[in-house]
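Please look through the sequence and the model below, and then follow the paragraphs that come after them, which move from one part of the chain to the next.

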Amino acid sequence: MSTALVVIPTYNERGTLESLVDRVLAVAPVDVVIVDDGSPDGTGDIADALAGGSERVTVLHRERKSGLGSAYRLGLGRGLEVGYDVLVEMDADLSHLPEQLPALLEATGSADLVVGSRYVDGGEVENWPWHRRALSKGGNRYVQAVTGIPVRDATSGFRAYRREVLEEIDLGDLRSEGYSFQLETALRTWWEGFRIAEVPIRFVERSHGASKISRAIVFEALWRVLVWGVTHRHGSTRPHPRSVAVRS
């Protein structure tokens, strides 16, 4: 068994999944778990074929589309049960380049949560229209302003956790779905005093399939951040004195 597990949620990703998994396995000594939400396009069958061809790949099937947060809770939880030291979140659409995975894994030697960041020096975004860039940058600035978290890309879904982080923040206690799951885990990591590092990545807009972002996902993130920010400002959740965000 490898010491690191990459968790890849899927829903209708047949155009990219095989290439993604092949590239991940080629660039890093990791295992992969695919969490498929009953994809009607046959993504689950492709996942099963990949698992049949490599002992480093496993698949968890769910009957229906049930949300990004619950998919990650399932995959990350399975990784903790099996005993992996590092657990990685990664999108299935090749917007997160597998060749950047080694840099995230290396940074876990000095940080407890490593965020693949589009908004630190060296980070970049390709093929996004101006309004998507504005929404993403504005959203991250809103998160910083409301909560105070010293992370420039808290919404990034390409990240690596040391197992101690996930054990401490308690996956079973997380309720967020959509991309607010990334915000909640980053905030809880910060509040518990763990070290957070941002590693620059090149984010590439998907060329296959359709984005899963909806207005409901955006609104969930906005109101949850407001609640977390108010709770933090009133002192019921405060970052541990040792908490620090480090640049990589």
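A crossover is called right-handed if, with the strands pointing away from the viewer, the path from the first strand over the helix to the second runs clockwise. With that in mind, the beginning of the chain can be read as follows: strand β1 (residues 4–10), helix α1 (residues 17–27) and strand β2 together form a right-handed β-α-β unit. A further right-handed β-α-β unit is made by β2, helix α2 (residues 43–53) and strand β3, so that β2 takes part in both units, as the definition of the crossover applies to each.

This is a predicted model, and it helps to know how confident the predictor is before going further. The protein chain has a mean pLDDT of 87, with 83% of its residues at 70 or more. Over residues 236–244, however, the pLDDT is below 50, although this stretch has 21 contacts in the model beyond near neighbours in sequence.

Strand β2 also links the pairing of the strands. On one side of the account stands β1, which runs parallel to β2 and is joined to it by 7 bridges; on the other stands β3 (residues 57–61), which pairs with β2 in the parallel sense over 5 bridges. Residue V33 of β2 appears in both pairings, since V7 stands opposite V33, while V33 in turn stands opposite T58 in β3.

How many residues of strand β2 (residues 30–36) are buried? The count is 7 of the 7, so the strand is largely enclosed by the rest of the structure. Its side chains are divided between two directions, with V30, V32, I34 and D36 pointing one way and D31, V33 and V35 the other way, and all of them are buried.

Turning from strands to rings, the structure holds 2 aromatic pairs. In one of them, the rings of Y72 and F181 have their centres 5.9 Å apart and their planes at 15°, so the pair is stacked, planes under 30 degrees apart being what counts as stacked. Because Y72 lies in helix α3 (residues 68–82) and F181 in helix α7 (residues 180–191), this pair ties together parts that are 109 residues apart in sequence. Y72 counts as buried, because its relative accessibility is 0%, and F181, at 0% relative accessibility, counts as buried too.

A ring also meets a charge in this model: the charged end of R118 sits over the ring of F203, at 5.3 Å from its centre.

Definitions and conventions: Residues are numbered from 1 along each chain as its sequence is written. This is a predicted model: local features need pLDDT of at least 70, side-chain atom pairs count only at pLDDT 80 or more; totals for chains, interfaces and linings use all residues. Side-chain values use heavy atoms; hydrogens and water are left out. pLDDT is the predictor's confidence in each residue, from 0 to 100. Contact means heavy atoms within 4.5 Å. Buried means under 20% relative accessible area, exposed over 50%, partly exposed in between (1.4 Å probe, protein chains only). Helices (H or I, at least four residues) and strands (E, at least two) are DSSP runs, numbered from the N terminus. Two strands pair if DSSP finds at least two bridges between them. Rings of Phe, Tyr and Trp (its six-membered ring) pair if their centres lie within 6.5 Å; planes under 30 degrees apart count as stacked, over 60 as edge-to-face and the rest as tilted. A charge sits over a ring if NZ of Lys or CZ of Arg is within 6 Å of the ring centre and within 35 degrees of the ring normal.
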